Amino acid sequence: MNIQDFINFLVYGTAIFLIIGGLYAVLTKKYLTKIVIGLSIMDAGINLLLIAIGYTYKGTAPIFSPAVEGKTVTMVDPVPQALVLTAIVIGFGVTAVALSLVIRLYRHHNTLCIDNIKNLKW
Amino acid sequence: MVISPIHYVAIPLLVAFLIPLVAKIGKNWARILPGLTLAYLNFVSVYLMTKVQETGIISESVGGWDAPVGINLVFSPLSGLLVSLITGIGFLVWLYSYQFKNVEKNESQKYFTLLLMLITGANGVILTGDIFNMFVFMEITAISAYALTAFYRHRNGAEAAFKYLLIGSLASTFMLLAIMLLYAQVGTLNMADIASKMDQVSSGMKVTIFILFLTGFGIEAEMFPLNGWAPDAYTEAPGPIGAVFASAVVKAGVYAMARVVFTLFGYGDSPVEILIIMGVITMAIAEFSAFRQEKLKRMLAYSSIGQMGLVIAAFGLGTKAGVFAALFIMVNHALIKSLLFLSGTYMVYHSKEKLIAELNGMAKELPVTAALFAFGALAIAGFPPFSGFWSKVYFLIAAADQKMVFLIIMVLLVTTVEVLYYFKVINRMYFHKPEMELEYRRPSTNALISMFVLTAVILWISFFPDTVMGYIDAAANDLVNRAGYINLVLNR
Amino acid sequence: MKKYVAVVLLLFFGYYLLLSFLQLDFGRADERMAVSKDYLHESVATNKVANVITSIVVNFRGFDTLGEVTVLFLASTALASILYRRNKPGVKVPKERILTSASHLLHIGAKVLFPISIVLGAYIFIHGHLTPGGGFQGGAVIATGVLLMILSYRKFHVNHNIVSWVESIAGIAFVAIGFTGLIFGTSFLENVFPVGTLNALMSGGAIPLIYIAVGFKVGAELIGLLDNILLNNKELKQ
């Protein structure tokens, strides 16, 4: 295993571990808040993966500030960063809606455990 | 300012941001304004549909940059057909919900904002030519759908919405992963550009991306086994919203799936087995579940899933005839299922449990609504000479062309089941005596008008199918003609 | 049992996903860039915006950003619709949002940090086209300042009217700038304003204007969300 393979494994492995961990929480946890936390972890993994795809070795931030004027510099791919911004905002919106649903469920049933909420069973 | 596809997105957004301000002047304006917007968009549909017949696909760039660099909107015969359909039904649903008592009791201003955004999101998904932009609009659709599912406080909407949200988040995760892998391979997000560079992608990677997309869009398109959200969401959401789910959210999902299969991957040359298999499983399971349901709206929801299975299987045939049948079923389903939801809502309005068993003798109490429901039931089950019959005939012809005997047998079997459970309802409505005196709510004039318009359109398609078949044929050609789409968008 | 099934399924899925991603070498994005090269070039050449990401977010892919802003708007509408309930007559809505009084340290600290966070947030979104950051980040910083105030002062409350006005006007401004492109140029969101010179504060034409509108919108939206959730914390305290 050369160094590049190891780095690949480390970077993508971490991000995918986060996605899988979040999914695990969503699928198996009994408390609504924990499920929402799982969703957030999943989002974080996705964003990490997206950023990792756009990285270039020795790349700088894609900003043509006076510091880089006149020099030839490698820049990282700017598109994944723009996409991550969108993905973060969308993840935030979904989390906010999820939390408001949790608040309403708590109001009705006075519990956060899905075992006690009849209609949430699959 | 020229009328162009961007109006479908930009003007509703402007209105949505205006609504909170307008509501301070007069509460009523916040409800009227979305209706006016949808009415205007229907005018845009008519204008652009005539234009697209003359000049061919309209591709409009956004942000002043042409296709691979900027985002573009594509108003083709296919997207135009679906967008016009969704906008039209959106307007009718607005008319129906205007002064709808249960909505009035809650925060009606929010309801109409969310309804407008749901329609806009679905339109955006269909119009956009950019895969990431499609994801963004899918999320707009989804968030409005979650909120509308939980809109009523006196029902278990929050549970249904939470389930929907979890499955929906899964869908967006899969979509995002697929988009990521695709971007890393071809370095672009424009669908036409991706399609033209698709041969750079290794075949193993292609399969991964395809499966991720299929799962992601399959959730919105109610494909088995990812449709767990649908029955609950349809049941708990306000009645008219069921119609929008069936006609807008699901149609957007199916469209996205078809675009990915046909345009992005170019799988249109041969039958796509996985779509046929998933479609058949979806429709078989859904129609048999529908037969067992005791609640009216749940039954309609399962019936909707079953029809989507039929559509997915028809797309899977891969031929032009198959695509034509799929689109015809989609159009019919959007119109008829909307009618069923709109009329069914009033039939179970008075009841708490909304059971089919409570419909006894409904034909005497609410003759007009019951008659419309019965008409819709006959039409969707495929009774000649109604429109559902024609679309199923075209499906069977397309399947016979491909010599798929098993598929034909399955469809006929499933149709029998469909006929049985719709007859169960009609039987109760017309041939049973009402058990007790109940307070029925009669439909308001607005609601009656929107139901009659839908009925008229369905009757028109039933007796003059040739008038719409031209549009559907053009749309099917558009979906099958991959090279034409790519060349037009990329200006080659 | 269900847990083990989930673990096996997830491990399989994760392994499959990892295999696909391992085919893409990390740190080799330069070999894969296609449209990005156009972005890096055109951002400086045509838009005169130093920060390429801002250029992409606001101009090249500005339509996505409009969608994003809409998602936030929808989230706050959805929240208000889901958590809404009619106040029973006679029941007073409590003015105090948090339950326990904050410590002396937080009181003083919040007072110092609140104006700083407002100024910092404004700086971030005004300079979005020159330095890292922009409307979303700036708006979030401003909302954090307000959250700090809510947490430290029990009597602190946000003026709903102002928040909803700012929210609407900023949103309308975004779409209106988009329409100027359609009216004076050829397409929606086109940059028809004079672009100025690279790395000057007044550069980029419509891009900084849109980002300022986004900043106001995001700030107001987040404050509204916080306020709405905190208004409803009464049941959660038990």
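Buried area is the accessible area (1.4 Å probe) that two parts lose on being put together, summed over both. The views below come from a predicted model, in which local features need pLDDT of at least 70, side-chain atom pairs count only at pLDDT 80 or more, and totals for chains, interfaces and linings use all residues. Residues are numbered from 1 along each chain as its sequence is written, chains are lettered from A and ligands numbered from 1 in the order in which they are written, and side-chain values use heavy atoms, with hydrogens and water left out.

**View 1. Chain B meets chain C.** About 4800 Å² is buried between these two chains, and carbon and sulfur atoms give 74% of that area. Phe17(B), Trp65(B) and Val69(B) are worth finding here: together they supply 15% of what chain B buries against chain C, more than any other three residues. In contact terms (heavy atoms within 4.5 Å), 63 residues of chain B touch 54 of chain C.

**View 2. A salt bridge between Arg61(C) and Asp130(B).** Their side chains come to 2.7 Å, N to O. The rule (a side-chain nitrogen of Lys or Arg within 4 Å of a carboxyl oxygen of Asp or Glu) finds 1 salt bridge across the interface of chain B and chain C.

**View 3. Around Phe63(C).** Leaving aside residues up to four places away in sequence, Phe63(C) touches nine-membered company that spans both chains, including Ile6(B), Val62(B), Leu73(B), Phe137(B) and Phe188(C).
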